Amino acid sequence: MASSSLISMKTLLVLLLASSLMGTFASNFYQNFELTFGDGRAKIQNNGELLTLSLDKYSGSGFKSYNEYLFGKIDMDLKLVPGNSAGTVTAYYLSSLGPTWDEIDFEFLGNISGQPYILHTNIFTQGKGNREQQFYLWFDPTKAFHTYSVLWNPLQIVFSVDGIPIRTFKNQESIGIPFPKNQPMRIYSSLWNADDWATRGGLVKTNWSDAPFTASYRNFIANACVVSSGTSSCASNSPSSLSNAWLTQDFDSSNRRWLRWVQKYFMIYNYCTDLKRFPQGLPPECSRA
Ligand SMILES: *[C@@H]1O[C@H](CO)[C@@H](O)[C@H](O)[C@H]1NC(C)=O
């Protein structure tokens, strides 16, 4: 990254250390993920280092994590469907279960060759979403792997792309806005056909003669609290609780500068400025977002 001066040396060291410690065992897809649908269309390859999803006219495919997490810093490298991906959606998200679920969403809306993907994001708390923000990316997400991350701690949720924050959702329970903090979530991903809405609002349809469409995943790293039988691996008496700096990580001024850069040049939709959609007034969390 050209402007790496904005990332403090300390952050870099922490990242390097974390990746060297975690990299050896964290990214095995066999250990972490279960293929959920699509028969042979979802595949784990290269001894568990690579996972691919594909979509053809009969079916998409998907996977989900074995673990349930309650807070985490979760990184995944994705390379999206190349070429004519119009009509396809690659969804990558965290979600809990039940009617009042919480959810943190990345959705990648494909496009015809050479036209930009849209990165669509949303956050559900207690079963309520309607918090869409959309972005173009500053690179072609089909040419190489890029890292898409969620930092989720009791203070905030931060979506990042290659370490650059693109969106935050602060814990504003003090003014009555629910924040996800009690319901463990699994990680899910799927590749599916959404040509009724995905590309230019549904105008461009999936071209099935370009199928199968394939998206790839690697380098899954979860610095996260795993919940099992009601107990969190981050409970204060557990050994891993010592190394969880991300659990209290707040938004700093460098994060804020990057966020402003992304919002200025790459954000194409923000529910918080959509007065037409919310004629009775913008959602309360928007006033301090
Ligand atoms: C696809 O390309 C068109 C034309 O550049 C653009 O308006 C649109 O936002 C792009 N992305 C999607 C997902 O429609």
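Let's start with strand S3, and with both of its faces. On one side sit Leu 50, Thr 52 and Ser 54, on the other Leu 51, Leu 53 and Leu 55, and every one of these is buried. Please keep in mind that we are looking at a predicted model. The strand covers residues 50-55, and because 6 of its 6 residues are buried, S3 is largely enclosed by the rest of the structure.

So which strands pair with S3? One is S2, residues 43-45, which pairs with S3 in the antiparallel sense over 3 bridges. Within that pairing, Gln 45 of S2 stands opposite Leu 50. The hairpin of S2 and S3 has 4 residues between the strands, and there Asn 46 takes a positive phi near 45 degrees.

The other partner to show you is S14, residues 213-228, which runs antiparallel to S3 and is joined to it by 6 bridges. If you want to find that pairing on screen, look for Leu 55, whose bridge partner in S14 is Phe 213.

Now step back along the chain from Phe 213, and you reach a backbone detail worth a look. Ala 211 and Pro 212 are joined by a cis peptide bond, with omega at about 0 degrees. Pro 212 belongs to the loop between S13, residues 186-193, and S14.

That loop between S13 and S14 also holds Arg 200. Arg 200 is not a glycine, yet its phi is positive, at about 45 degrees. Is this residue buried or exposed? Its relative accessibility is 60%, so Arg 200 counts as exposed. For anyone who likes unusual backbone angles, there is another non-glycine residue with a positive phi of about 45 degrees, Ser 229. You will find Ser 229 in the loop between S14 and S15, residues 231-232. Ser 229 has 77% relative accessibility, and therefore counts as exposed too.

Arg 200 takes us to the ligand, since the residues around the ligand include Arg 200, along with Leu 109, Asn 111, Ile 118 and Thr 199, among others. That shell divides into 5 nonpolar, 4 polar and 1 charged residue.

For the docking people among us, here are some polar distances. A backbone N or O atom of Arg 200 lies 2.8 Å from a ligand oxygen. In the side chain of Tyr 136, an N or O atom is 2.7 Å from an oxygen of the ligand. Pro 116 uses its backbone: an N or O atom there lies 3.0 Å from a nitrogen of the ligand. As for coverage, the ligand on its own has 360 Å² of accessible area, and the protein covers 76% of that.

Thanks, everyone!

How values were computed: Residues are numbered from 1 along each chain as its sequence is written. This is a predicted model: local features need pLDDT of at least 70, side-chain atom pairs count only at pLDDT 80 or more; totals for chains, interfaces and linings use all residues. Side-chain values use heavy atoms; hydrogens and water are left out. A residue is near a molecule or strand if one of its heavy atoms lies within 4 Å of it. A polar contact is a pair of N or O atoms within 3.5 Å; within protein, one must be able to donate a hydrogen and the other to accept it, and residues adjacent in sequence count only if both atoms are side-chain atoms. Accessible areas come from the Shrake-Rupley method with a 1.4 Å probe; for residues, only the protein chains shown count as cover. Ala, Val, Leu, Ile, Met, Phe, Trp, Tyr, Cys and Pro count as nonpolar, Asp, Glu, Lys and Arg as charged, and the others, Gly among them, as polar. Buried means under 20% relative accessible area, exposed over 50%, partly exposed in between (1.4 Å probe, protein chains only). Helices (H or I, at least four residues) and strands (E, at least two) are DSSP runs, numbered from the N terminus. Two strands pair if DSSP finds at least two bridges between them.
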